[in-house]
Amino acid sequence: MNATHQGTMEHSTLLGHSYGSLVSGKALTVDDTPPVDQAVFVGSPGVGVDHAGDLGLDPSHVWAGTAANDLIDQTPMHGNDPTESDFGGNTFDVDDGSFPGTDGPLPAHTQYWQGASLQHLGRLVTSGRP
């Protein structure tokens, strides 16, 4: 990734959704110095570690959000839930999403890419704050 940039990279974010957040979390723990300075997880069943600091990033640069109607919380967790305070990262607001069965079987799990949720994700990726 750094080969595509000239000079110093100002800000780079790894965004993981669903089980992609587990893959992202595992990837962050491979090297002592991750290739990004921020991680954002949405609809996550866990990121493979118990604490944000275990990702090799400053915990203030680790963000997570899960929709109230997303049933991902009903799956087995892989490490602590990144939206819980004991994980040690930050949370950001996402829309509740549609109730299961109202717009497909699990609509809230894919509705992070619209409305206020998408706006917050966009601000996180571009400025580091929701």
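Colleague: Leaving aside neighbours within four places in sequence, which residues is P45 in contact with?

Modeller: This is a predicted model, so take every value as computed from it. In the model, P45 contacts S18, Y19, S21, I72, T75, P76, M77 and H78, with neighbours within four places left out.

Colleague: What makes P45 count as buried?

Modeller: The cut-off for buried is under 20% relative accessible area. P45 has 0% relative accessibility, so it counts as buried.

Colleague: Where does P45 lie, and how far is its C-alpha atom from that of N80?

Modeller: P45 sits in the loop between strand 2, residues 38-42, and strand 3. The C-alpha atoms of P45 and N80 are separated by 8.7 Å. Along the chain, these two are 35 residues apart.

Colleague: Which loop holds S44? Is S44 buried or exposed?

Modeller: S44 is in the loop between strand 2 and strand 3. Its relative accessible area is 1%, which is under the 20% cut-off, so S44 is buried.

Colleague: What is S44 in contact with, beyond its neighbours within four places in sequence?

Modeller: S44 contacts S18, S21, T66, I72, M77 and P82. For a C-alpha distance, take D81: 37 residues from S44 along the chain, and 7.5 Å from S44 in space.

Colleague: Which backbone nitrogen does the side chain of S44 reach? What makes that a polar contact?

Modeller: The side chain of S44 reaches the backbone nitrogen of G46 at 2.9 Å. A polar contact needs N or O atoms within 3.5 Å, so 2.9 Å passes on distance.

Colleague: S18 appears in the contacts of both P45 and S44. Where is S18 found?

Modeller: S18 is found in the loop between strand 1, residues 13-17, and helix 1, residues 19-28. Its phi is positive, about 55°, although S18 is not a glycine.

Colleague: Why does S18 count as buried?

Modeller: Its relative accessibility is 12%. Buried is under 20%, so S18 qualifies.

Colleague: Which residue has a side chain joined to that of S18 by a polar contact?

Modeller: H109. The side chains of H109 and S18 are joined at 2.8 Å. The cut-off is 3.5 Å, so this pair is inside it.

Colleague: How do you know that H109 is buried?

Modeller: H109 has a relative accessible area of 14%, under the 20% cut-off, so it is buried. H109 lies in the loop between strand 4 and helix 2. Setting aside neighbours within four places, H109 contacts H17, S18, G43, D70 and I72.

Colleague: D70 is buried. How do you know that D70 has no salt bridge?

Modeller: Look at the nearest side chain of opposite charge, R123, which is 19 Å away from D70. A salt bridge needs a nitrogen of Lys or Arg within 4 Å of a carboxyl oxygen, so D70 has none.

Colleague: Which backbone nitrogen lies 3.0 Å from a polar atom of the D70 side chain?

Modeller: That of I72. The distance is within 3.5 Å, so it meets the polar-contact cut-off. D70 itself is in the loop between strand 3, residues 62-65, and strand 4, residues 90-91. D70 touches G43, A108, H109 and Y112, not counting residues up to four places away.

Colleague: Y112 touches D70. What makes Y112 buried?

Modeller: Its relative accessible area is 1%, under the 20% cut-off, so Y112 is buried. Y112 lies in the loop between strand 4 and helix 2, residues 115-127. Residues touched by Y112 include H17, V42, G43, G65, T66 and L121.

Colleague: How far apart are Y112 and A67 in sequence and in space?

Modeller: They are 45 residues apart in sequence, and their C-alpha atoms are 7.8 Å apart. The Y112 side chain reaches the backbone nitrogen of A67 at 2.9 Å.

Colleague: Now the whole protein. In what order do its elements run? Why call it as compact as a globular protein of that length?

Modeller: From the N terminus, the order is β-α-β-β-β-α. The radius of gyration is 15 Å, and the globule rule gives 14 Å for 130 residues; the two are close, so the description holds.

Colleague: What share of the 130 residues counts as buried?

Modeller: 36%. Among contacts with a separation of 6 or more, residues 24 or more positions apart account for 65%.

Conventions:
Residues are numbered from 1 along each chain as its sequence is written. This is a predicted model: local features need pLDDT of at least 70, side-chain atom pairs count only at pLDDT 80 or more; totals for chains, interfaces and linings use all residues. Side-chain values use heavy atoms; hydrogens and water are left out. Helices (H or I, at least four residues) and strands (E, at least two) are DSSP runs, numbered from the N terminus. Buried means under 20% relative accessible area, exposed over 50%, partly exposed in between (1.4 Å probe, protein chains only). The radius of gyration is taken over C-alpha atoms; the globule rule is 2.2 Å times the number of residues to the power 0.38. Contact means heavy atoms within 4.5 Å. Lys and Arg count as positive and Asp and Glu as negative; His and the chain ends are not counted. A polar contact is a pair of N or O atoms within 3.5 Å; within protein, one must be able to donate a hydrogen and the other to accept it, and residues adjacent in sequence count only if both atoms are side-chain atoms.
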